There are 2 protein chains.
Amino acid sequence: MHTVVEHRSPGRPRCEETRNAILRAAYELLEEGGLDAFTIEAVAERSGSAKTTIYRWWPNRGALAIESFLELSEKYAQFSQTESATADLKTQMRRFARALRGRIGQIVSSILAEAQTCAETRSAFVEGYINPRRTALQQLIDRGVAQGEFRAGLALNDVGDALYGSLLLRVLLRHAPLSDAAVDQLVDTTLQGLRAR
Amino acid sequence: MHTVVEHRSPGRPRCEETRNAILRAAYELLEEGGLDAFTIEAVAERSGSAKTTIYRWWPNRGALAIESFLELSEKYAQFSQTESATADLKTQMRRFARALRGRIGQIVSSILAEAQTCAETRSAFVEGYINPRRTALQQLIDRGVAQGEFRAGLALNDVGDALYGSLLLRVLLRHAPLSDAAVDQLVDTTLQGLRAR
DNA sequence: TAAATACGCTACGCAGCGTTACTTAATTAC
DNA sequence: GTAATTAAGTAACGCTGCGTAGCGTATTTA
């Protein structure tokens with residue numbers, strides 16, 4: 001009988017509880033007070049771990065922020081799938097906006113801010129958060145085109161940036177609402193375009 | 001003969017040269033190294049003024065950043081005006097993207113980051129930078145609608161956020177280009193919308 | 001000349017960064 | 001068992017930047 005042999009290097013193994021406590025403390029602090037509250041020292045204190053332990057595993061606060069966010073925030077990258085691509089698009093954008101209205105919005109805005117002074121944070125956010133959503137959006141667009149709902153030849157970058165960019169801009173600047181109704185209207189505008197028919 | 005009497009309070013007047021030197025140093029530092037380089041101490045050193053003088057006039061670094069940006073960056077809020085509103089829109093978006101590709105992009109992204117931890121910075125940016133552009137965009141849309149180029153009933157918030165949000169997102173995440181061609185395509189997508197005709 | 005205000009200099013206490021040296025704990029290899 | 005190895009915790013450090021205070025000097029009005 002063959003059993004999979006766990007091959008472990010010698011030495012004390014990493015403590016998963018500690019890791020989780022750190023990630024959770026980081027997430028909570030980001031959620032509660034944004035970048036101001038999110039300091040390595042605060043994370044260490046809240047998690048009950050040592051600052052040195054944190055620095056052993058994460059090179060900087062951006063890396064910790066991203067990892068806690070990606071691991072603890074719920075991931076809505078899977079779009080719903082009904083017969084109408086248009087309806088699915090609206091559902092998804094509403095869902096995203098709902099997350100942004102809540103605590104996730106605070107975290108996302110903090111990460112975007114951090115990403116402006118740390119390239120690794122930026123690319124980690126793009127790869128771990130934005131890209132999965134772009135992929136799902138691509139599938140939705142393809143489906144919409146195949147079903148004749150959307151016109152052919154749509155550029156994913158443009159559509160994605162128009163939709164996600166609008167919503168994220170509202171999180172960053174708070175100059176316009178993110179209510180379901182506002183999102184529906186925004187999607188409608190994007191669907192219809194500006195041109196007179 | 002009436003002459004306007006300059007009414008001055010007693011005491012040494014504020015030194016305009018010092019003020020300008022501070023604003024210029026702040027702008028240069030933002031431009032060169034973003035938020036990392038932009039510290040009050042660095043501004044003081046480069047401007048040849050004292051830290052205490054800076055704190056006398058600006059409550060925090062966000063206020064200084066915004067003021068230097070709004071005073072020293074060229075303001076393209078006035079849109080060009082030909083007979084085609086569509087062409088003007090493209091011209092304007094290209095112009096904006098060109099600024100974002102250059103040093104202005106670094107500054108804008110820094111200010112957006114700073115705005116995430118400072119509400120005053122956020123509202124100052126919205127009022128001093130975003131709103132003038134929204135107003136100009138509104139006029140352009142109105143003109144386009146009147147000329148039959150754009151459909152009626154367009155919501156300014158939606159159009160502005162789709163266009164500016166797309167470009168700003170690309171500055172923040174650098175996941176897609178900001179070239180003239182890319183911008184043209186993005187505007188085209190926004191103009192046409194997603195729907196099949 | 002007095003009062004008021006601005007500017008510069010030096011210095012301070014504070015917070016957070018990222019690191020070091022050291023001790024203790026947990027695990028594998030022999 | 002014992003040695004080797006790796007992790008976690010503790011305490012302390014030097015550094016940078018923040019925002020403030022005290023004081024002397026400069027420039028203006030009354």
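This is a short talk on a two-chain model with two DNA strands, going from the fold of chain A to the chain contacts, the DNA and a few single residues.

One caution first. The model is predicted.

Let's start with chain A. How many helices and strands are there in chain A? Nine helices and zero strands. From the N terminus on, the elements run α-α-α-α-α-α-α-α-α. Along its principal axes, the C-alpha trace of chain A spans about 70 × 55 × 25 Å. Chain A has 197 residues, and 37% of them are buried. Now take the contacts in chain A with a separation of 6 or more. Residues 24 or more positions apart account for 62% of those.

Next, the core. The largest nonpolar core has 99 residues. Which residues have the most contacts inside it? From chain A, they are A:Ala26, A:Ala65, A:Ile111 and A:Leu167. From chain B, they are B:Ala26, B:Ala65 and B:Ile111. So much for the list; please look at one of these residues, A:Ile111. Leaving aside its neighbours within four places in sequence, A:Ile111 is in contact with A:Ala65, A:Ile66, A:Phe69, A:Thr121 and A:Phe125.

Three of those partners, A:Ala65, A:Ile66 and A:Phe69, bring us to helix H4 of chain A, where they are buried. The other buried residues of H4(A) are A:Gly62, A:Leu64 and A:Ser68. What covers them? The cover includes H1, H2, H3, H6 and H7 of chain A. A quick check on the geometry of H4(A). The helix holds 12 residues, 61-72, and at 1.5 Å a residue it should span 16 Å. Its end C-alpha atoms are 16 Å apart, which agrees.

Now the pair of chains. Chain A can be laid on chain B with an RMSD of 0.1 Å. The operation is a turn of 180° with a shift of 0.0 Å along the axis. That is the relation of a two-fold axis. The same surface serves both copies, with 100% of the contact residues of chain A recurring in chain B.

How many residues are in contact between the chains? 46 residues of chain A are in contact with 46 residues of chain B. On the side of chain A that touches chain B, the elements giving two or more residues are H1 (16-37), H6 (103-115), H7 (119-146), H8 (156-173) and H9 (180-192). Which of them gives the largest share? H8(A), with 13 residues. By class, this side of chain A has 21 nonpolar, 15 polar and 10 charged residues.

On to the DNA. Strand C first. It is surrounded by 25 residues. The closest are A:Arg12, B:Gly11, B:Arg12, B:Ser49 and B:Thr53, so named from both chains. Helix H2 (40-47) and helix H3 (51-57) of chain A, together with helix H3 (51-57) of chain B, each supply at least two residues of this surface. The residues divide into seven nonpolar, 10 polar and eight charged.

Then strand D. There are 25 residues around it, and A:Gly11, A:Arg12, A:Ser49, A:Ala50 and B:Arg12 come nearest. Here H3 of chain A, with helix H2 (40-47) and H3 of chain B, each supply at least two residues. The surface near strand D divides into seven nonpolar, 10 polar and eight charged residues.

Two details to finish. The first is B:Glu114, in helix H6 (residues 103-115) of chain B. Is B:Glu114 buried or exposed? It is buried, because 23 other C-beta atoms lie within 10 Å and the cut-off is 20 or more. Leaving aside neighbours within four places in sequence, B:Glu114 is in contact with B:Leu35, B:Gly62, B:Ala65 and B:Thr121. B:Glu114 and B:Ala63 are 51 residues apart in sequence, yet 9.8 Å apart in space, C-alpha to C-alpha.

The second detail is a backbone angle. Most residues other than glycine have a negative phi. A:Arg174 has a positive one, near 55°. Where is A:Arg174? It lies in the loop between H8 and H9 of chain A. A:Arg174 is partly exposed, with 16 other C-beta atoms within 10 Å. In chain B, phi of B:Arg174 is also near 55°. B:Arg174 lies in the loop between helix H8 (156-173) and helix H9 (180-192) of chain B. With 16 C-beta neighbours inside 10 Å, B:Arg174 counts as partly exposed.

Notes:
Residues are numbered from 1 along each chain as its sequence is written. Chains are lettered from A and ligands numbered from 1 in the order in which they are written. This is a predicted model: local features need pLDDT of at least 70, side-chain atom pairs count only at pLDDT 80 or more; totals for chains, interfaces and linings use all residues. Copies are superposed by least squares on the C-alpha atoms of residues with pLDDT of at least 70 in both. Two residues are in contact if their C-beta atoms, placed from the backbone, lie within 7 Å. Helices (H or I, at least four residues) and strands (E, at least two) are DSSP runs, numbered from the N terminus. Ala, Val, Leu, Ile, Met, Phe, Trp, Tyr, Cys and Pro count as nonpolar, Asp, Glu, Lys and Arg as charged, and the others, Gly among them, as polar. A residue is near a molecule or strand if its C-beta atom, placed from the backbone, lies within 6 Å of it. A residue is buried if 20 or more other C-beta atoms lie within 10 Å of its own, exposed if 12 or fewer, and partly exposed in between; C-beta atoms are placed from the backbone. A nonpolar core is a set of buried Ala, Val, Leu, Ile, Met, Phe, Trp, Tyr and Cys residues joined through C-beta atoms within 7 Å. The expected span of a helix is 1.5 Å times one less than its number of residues.
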